[in-house]
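Trainee: I would like to learn how to read a model of a protein complex with care. Could we go through one together, feature by feature?

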Amino acid sequence: MMRVGGAIGAGNHIDRFIPVSKLKYYFAVDTIYVGKKLGLLIFPYMHQNWEVRYQQDSPVAPRVEVNAPDLYIPAMAFITYLLVAGFALGTQSRFSPEVLGMQASSALIWLIIEVLAILLSLYLVTVNTDLTTIDLIAFAGYKYVGMITGVVAGLIFGRTGYYIALGWCCISIVVFMIRTLRLKILSEAAAEGVLVRGTRNQLRMYLTMAIAAVQPIFMYWLTFHLVR
Amino acid sequence: MQFLSAGFTLQWLLYLRMSTFEQFNPDFYQSNYDINDQQQTSYNYGGSSGPDSSSEFENGHPQPKIFVPSEMTQTSNLYAGHILQPQELYTPFSPSSTIYGGDTDDEPSLLEEIGINFDHIWQKTLTVLNPMKPADGSIMNETDLTGPIVFCLAFGATLLLAGKVQFGYVYGISVLGCLAIHTLLNLMSVTGVSYGCVASVLGYCLLPMIILSGCAILFSLQGMTGIPLALIVIGWCSLSASKIFISTLAMEGQQLLVAYPCALLYGIFALLTVF
């Protein structure tokens with residue numbers, strides 16, 4: 001019954017389509033990591049060192065490194081967002097299972113579009129980065145934490161509470177994304193703050209800022225109709 | 001709705017068939033050869049008998065169950081002069097047995113054969129009802145779907161008594177939820193977990209939810225008393241489920257992480273109960 005390697009382990013047919021062992025890395029989390037990461041997402045201003053430690057060419061597991069991306073928080077945040085949206089619609093008597101399905105599919109589609117757009121722009125700017133697609137999905141999923149905070153605040157405190165909480169979370173996620181992506185996209189010299197001239201680095205800087213700026217837009221777009 | 005109850009019974013029957021197949025009774029071949037009378041002379045057969053019986057005859061240990069090929073009966077007549085009669089078979093284990101199978105006394109009981117062990121079911125239920133007591137990791141060693149199916153049906157029945165005919169939603173949500181948590185646990189833990197184990201644990205931890213829907217029959221849960229009660233029950237269910245998962249899969253430092261998706265799943269059940 002308990003098989004070593006798991007039911008979705010290597011040797012299974014699914015392994016050809018979804019890289020299961022790589023996925024397992026993103027779920028190697030524990031409670032302390034999740035707590036620290038959620039704190040970072042809401043309040044990233046005091047954190048000093050944003051670099052991910054490496055161990056023989058592969059990044060260290062999220063369990064021991066708070067800067068590493070994971071997929072547990074985005075997955076749970078997405079599902080919680082759906083439930084909170086259903087609850088919010090229920091309190092306004094606008095709930096039906098079809099509406100929930102529509103919310104789920106629209107959120108998912110926007111996520112896919114965002115990840116594809118980032119991949120395309122990374123390709124066009126010819127950035128040599130070790131950002132994988134799963135990393136991008138993880139980063140795109142982190143904004144759901146802010147969205148949930150905004151909607152819950154809106155349910156408890158009304159529209160004012162919603163705007164304040166959403167504003168705070170938008171700024172936090174912008175800072176978080178810039179500080180995290182700066183290390184991955186920009187060249188090493190520029191990432192350390194040294195002013196490096198050249199269109200290449202400027203383009204990369206613009207790209208980082210564009211990715212970060214798109215987050216608040218999505219956050220507002222996907223939540224404003226939930227709070228009355 | 002008939003589809004769904006048929007689906008339930010079909011699943012349960014498949015499970016029972018699989019468990020009985022593994023306990024196939026090996027006592028199929030029983031001889032009509034009485035060894036007791038033959039003990040002294042049986043050793044002389046060594047050369048002439050077939051390979052089947054020579055391996056069965058050992059010094060001083062009468063082998064009660066041997067398949068006797070037809071030519072043996074002829075030789076036994078020659079050597080021992082013992083006239084074989086289709087008499088009662090000697091077996092040290094069941095003196096009252098008949099010739100061709102049918103050991104009515106040492107057959108395992110019907111409940112054992114289909115794998116329902118009331119003692120284990122009761123132990124697991126007690127583990128769920130007391131979320132503070134640390135769980136034993138070995139209780140989930142046998143996947144037992146009887147208890148969970150009974151609890152699911154009881155949940156649907158109490159919902160029915162409260163006026164909500166929602167068997168379909170209960171079934172659908174439990175299947176989807178089991179699938180999602182199975183995927184998550186396989187990704188999060190070092191050793192994997194099978195689908196049956198996940199379904200079993202989640203089904204057992206549905207018990208407090210049955211208590212909640214029982215309360216829903218008596219008074220409406222939408223007021224100020226109902227919502228905190230629902231939240232307490234959700235917390236209770238998810239703590240028990242995560243406690244059992246943690247002890248079975250040996251995951252440290254992840255209890256809250258496992259409890260959260262379980263809480264989401266039981267939250268959906270609570271939504272069904274309250275609204």
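Mentor: Let us begin with accessibility, where a residue is called buried under 20% relative accessible area, exposed over 50%, and partly exposed in between. Please keep in mind throughout that this is a predicted model.

Trainee: With those cut-offs, is Gln202(A) buried, partly exposed or exposed?

Mentor: Gln202(A) has a relative accessible area of 43%, and because partly exposed covers the range between 20% and 50%, that is the class this residue receives. Gln202(A) belongs to helix H8 of chain A, and its C-alpha lies 36 Å from that of Ala28(A), a residue 174 places away in sequence.

Trainee: Which helix holds Gln215(A), and is Gln215(A) buried or exposed?

Mentor: Gln215(A) is placed in helix H8, residues 199–223 of chain A, and it counts as buried because its relative accessibility is 0%, under the 20% cut-off. Leaving aside residues up to four places away in sequence, Gln215(A) touches Glu114(A), Ala140(A), Lys143(A), Ile173(A) and Met177(A).

Trainee: Two of those names carry charged side chains, so how should I read salt bridges here, and how many does the rule find over all chains?

Mentor: The idea is a distance rule, in which a side-chain nitrogen of Lys or Arg has to come within 4 Å of a carboxyl oxygen of Asp or Glu. Over all chains the count is two salt bridges. In one of them, Lys143(A) pairs with Glu114(A), with 2.6 Å between the closest N and O atoms. Lys143(A) is in helix H6 (residues 143–185) of chain A and Glu114(A) is in helix H4 (residues 97–124) of chain A, so this pair ties together parts that are 29 residues apart in sequence. Both partners are classed as buried, Lys143(A) with a relative accessible area of 2% and Glu114(A) at 5%.

Trainee: Where does Arg53(A) find its salt-bridge partner?

Mentor: Arg53(A) forms a salt bridge with Glu65(A), and the closest N and O atoms are 2.9 Å apart. Arg53(A) sits in the loop between helix H2 (31–42) and strand E1 (54–55) of chain A, while Glu65(A) sits in the loop between strand E2 (58–59) and helix H3 (72–91) of chain A, 12 residues apart. The accessibilities of the partners fall into separate classes, since Arg53(A) is partly exposed at 47%, whereas Glu65(A) is buried at 5%.

Trainee: What is the overall make-up of chain A in helices and strands?

Mentor: Chain A comprises eight helices and two strands, and along the sequence they follow the pattern α-α-β-β-α-α-α-α-α-α. Of its 228 residues, 44% count as buried. Among contacts in chain A between residues at least 6 apart in sequence, 74% join residues at least 24 apart.

Trainee: How is the size of an interface usually expressed, and how much area do chain B and chain A bury between them?

Mentor: The size of an interface is often given as the accessible area lost when the parts come together. Chain B and chain A bury about 2100 Å² between them, with 68% of that area on carbon and sulfur atoms. Within the area that chain B buries against chain A, Leu187(B), Leu257(B) and Leu264(B) supply 28%, more than any other three residues. The contact involves 29 residues from chain B and 22 residues from chain A.

Trainee: How many salt bridges and how many residue pairs in polar contact does the rule find across this interface?

Mentor: The rule finds zero salt bridges across the interface of chain B and chain A, but it does find six residue pairs in polar contact, both residues being at pLDDT 80 or more. On the side of chain B that touches chain A, helix H7 (167–188), helix H10 (226–249) and helix H11 (255–274) each supply at least two residues. The residues of that side divide into 15 nonpolar, 13 polar and one charged.

Trainee: What confidence does the predictor attach to each chain, and to the complex?

Mentor: Chain A averages a pLDDT of 84, with 88% of the residues scoring at least 70, and chain B averages 71, with 57% of the residues scoring at least 70. Some stretches call for caution, including residues 1–7 of chain A and residues 37–66 of chain B, where pLDDT stays under 50. For the complex, the predictor gives an ipTM of 0.82 and a pTM of 0.71.

Methods. Residues are numbered from 1 along each chain as its sequence is written. Chains are lettered from A and ligands numbered from 1 in the order in which they are written. Side-chain values use heavy atoms; hydrogens and water are left out. Contact means heavy atoms within 4.5 Å. Buried area is the accessible area (1.4 Å probe) that two parts lose on being put together, summed over both. A polar contact is a pair of N or O atoms within 3.5 Å; within protein, one must be able to donate a hydrogen and the other to accept it, and residues adjacent in sequence count only if both atoms are side-chain atoms. Helices (H or I, at least four residues) and strands (E, at least two) are DSSP runs, numbered from the N terminus. Ala, Val, Leu, Ile, Met, Phe, Trp, Tyr, Cys and Pro count as nonpolar, Asp, Glu, Lys and Arg as charged, and the others, Gly among them, as polar. Buried means under 20% relative accessible area, exposed over 50%, partly exposed in between (1.4 Å probe, protein chains only). pLDDT is the predictor's confidence in each residue, from 0 to 100.
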